[in-house]
Amino acid sequence: MSVDMLSYLFIGGSFLLYIGIAVWARAGSTKEFYVAGGGVHPIANGMATAADWMSAASFISLAGLISFIGRDGSAYLMGWTGGYVLLAMLLAPYLRKFGKFTVPDFVGDRYESDTARIIGVVCTIVISFTYVAGQMRGVGIVFSRYLHVDINTGVILGMAIVFFYAVLGGMKGITYTQVAQYCVLILAFTVPSFFLSAQVTGHILPQIGLGATLDSGMSVLATLDQLSLDLGFAQYTAGTKSTFDIFCLTVALMCGTAGLPHVIVRFFTVPRVKDARTSAGYALIFIALLYTAIPGVAGFGRVNLIQTLNGPDNAGVEYAAMPTWFANWENAGLIGWNDRNGDGKIQYAAGNAYEGKGKPEYDANDNRGVNGERLATNALVGEEFDASKQPFANEVYVDRDIMVLANPEIAQLPAWVIALVAAGAVAAALSTAAGLLLVISTAISHDLMKTVINPNITDKQELMYARLAAIVAICIAGYFGINPPGFVAQVVALAFGIASASVFPTLMLGIFYKRMNTQGAIAGMLTGLVATVGYMWYFVFAGGDSADYFMGVSPGGFGAIGMVLHFVVAIVVASMTPAPSEEMQRIVEDLRIPRGAGEAHDH
């Protein structure tokens, strides 16, 4: 059976499974819509949490990111995994005991202020929409290749699928759908990684593959270093970011993970605080199965890509002789070739294939320039390179988001493996998109409509508002997927940075600093949010020069600086204004005592 037929079968079958689960587990009350009734088993919740957290950025983009930037990509691995430990140890049990299942709900009640609650809603929506843009973009990439539609149509198809199980099923439907999606995505990532490891290194464990010795007598890492230097790239194990920038990026990703609203709510879908801790442990194990394999997959994919494009003698390959995968991804607009010297050969190296035009403007959907010309730039667009250190000038554009998806085809793995990867990529993107959209709808229906605007609405009316908000959120998410601000991992990193600067400090201070009051919380949230979003906007979207970075910190890492500003401003303002009520200080003290937190709260 052909790759196309198997892809249709695998993706279509998974869609039927997800929709079937949504119908079976559809929500009948607000409690089921928001927290799945609070009765999910810890193991199932751990799998759902892992699927919710391992988004398109993890499945599709992270290995591709590390393939292109090498050592610098370690910040993403350390930040995203370390952040989950931080969440499980420092936030989740206490938030679960406090009994408020959304970030704005916690902020509003802890700081006894509807103004703080509304700012919490704004932070939640900004984080979630920034994050979901990357997920919808990931769905579009998968569909553009495997269903042979353009990326925009792929995004619309993804919107339709999410509509069914997010709007119908709410958190109850999403939870059990995500259990199935975890099973699909983990198989889809690990199976090809075993194949790739066996093909490149001779053994099947990708976790130890980078240190394996190849036929050349060099390790995979040493081979990557040599190939990178030969082609004019930075050494794979050296990286280009400063140590301080890597540190800030890691901290921003770590604290941003702990502040993600759609992950925090997962600890309210189990019956007790003890179950929340247990499910966190299971989730970390389930996450580790994928994350420990990513460095190996990135390295193997990089070696295969370079050797396939340039041939065994590193002299280029005739375009006519390229495998069909190249044309498939070229038709999807995610890889491009510009025959600069007219020799009919594909030649891949460092530098800008759009010679003499600097960093070109382009539409991320189809990689075409402002004049409609196809771009042919590598991932390091616009960077200076020394032509004397490479055999030829670069002629190839490769979208880094395709690396995991293209890996099985580049390595000529069986067709069923290629189709399985496609189904896994869709599962990863849709699982997180659904969780984020539910958080947005909950913030609007519960935290705004029910709590602030009209507390007298009935349970049925609140559920209606939640579903209407989810529909609107899906439409907005689709727009961002069609008009993304960057590649998947970059967009997601921005969301984590915003979360680390706006939500994480507010939660930490609310739990561990009983003197923190309304004025301090509001001042801190606004400072962190405005400073971080402003910095990101200027340098990512407004064309700011990287030479002007504050202390050399890139936009992705500025969330750490914004977080420090948040802490400082919040504590200073709180010390200069009246303390919170005695009752609230007593509640905060009691919050850290591991007792009296039994059944899930009913909202």
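Here are some questions and answers about this predicted model.

User: What should I know about numbering and confidence?

Analyst: Happy to help: residues count from 1 along each chain as its sequence is written, and side-chain values use heavy atoms, with hydrogens and water left out. Because the model is predicted, local features need pLDDT of at least 70 and side-chain atom pairs count only at pLDDT 80 or more, while totals for chains, interfaces and linings use all residues.

User: Which helix gives the largest share of the largest nonpolar core?

Analyst: A nonpolar core joins buried Ala, Val, Leu, Ile, Met, Phe, Trp, Tyr and Cys residues through side-chain atoms within 4.5 Å. The largest one holds 180 residues, where Phe-59, Trp-80, Tyr-291 and Trp-329 touch the most other members. Its largest share, 18 residues, comes from helix 17 (residues 415-453).

User: Is Tyr-397 buried or exposed?

Analyst: Tyr-397 sits in strand 4 (residues 396-398); strands are DSSP E runs of at least two residues, and helices are H or I runs of at least four, numbered from the N terminus. Buried means under 20% relative accessible area, exposed over 50%, and partly exposed in between (1.4 Å probe, protein chains only). At 8% relative accessibility, Tyr-397 is therefore buried.

User: How many residues of helix 16 are buried?

Analyst: Helix 16 spans residues 403-410 and is largely enclosed by the rest of the structure. Among its buried residues are Asn-407, Pro-408 and Glu-409. The count is eight of the eight.

User: Which residue with positive phi follows helix 16?

Analyst: The phi here is near 55°. The residue is Gln-412.
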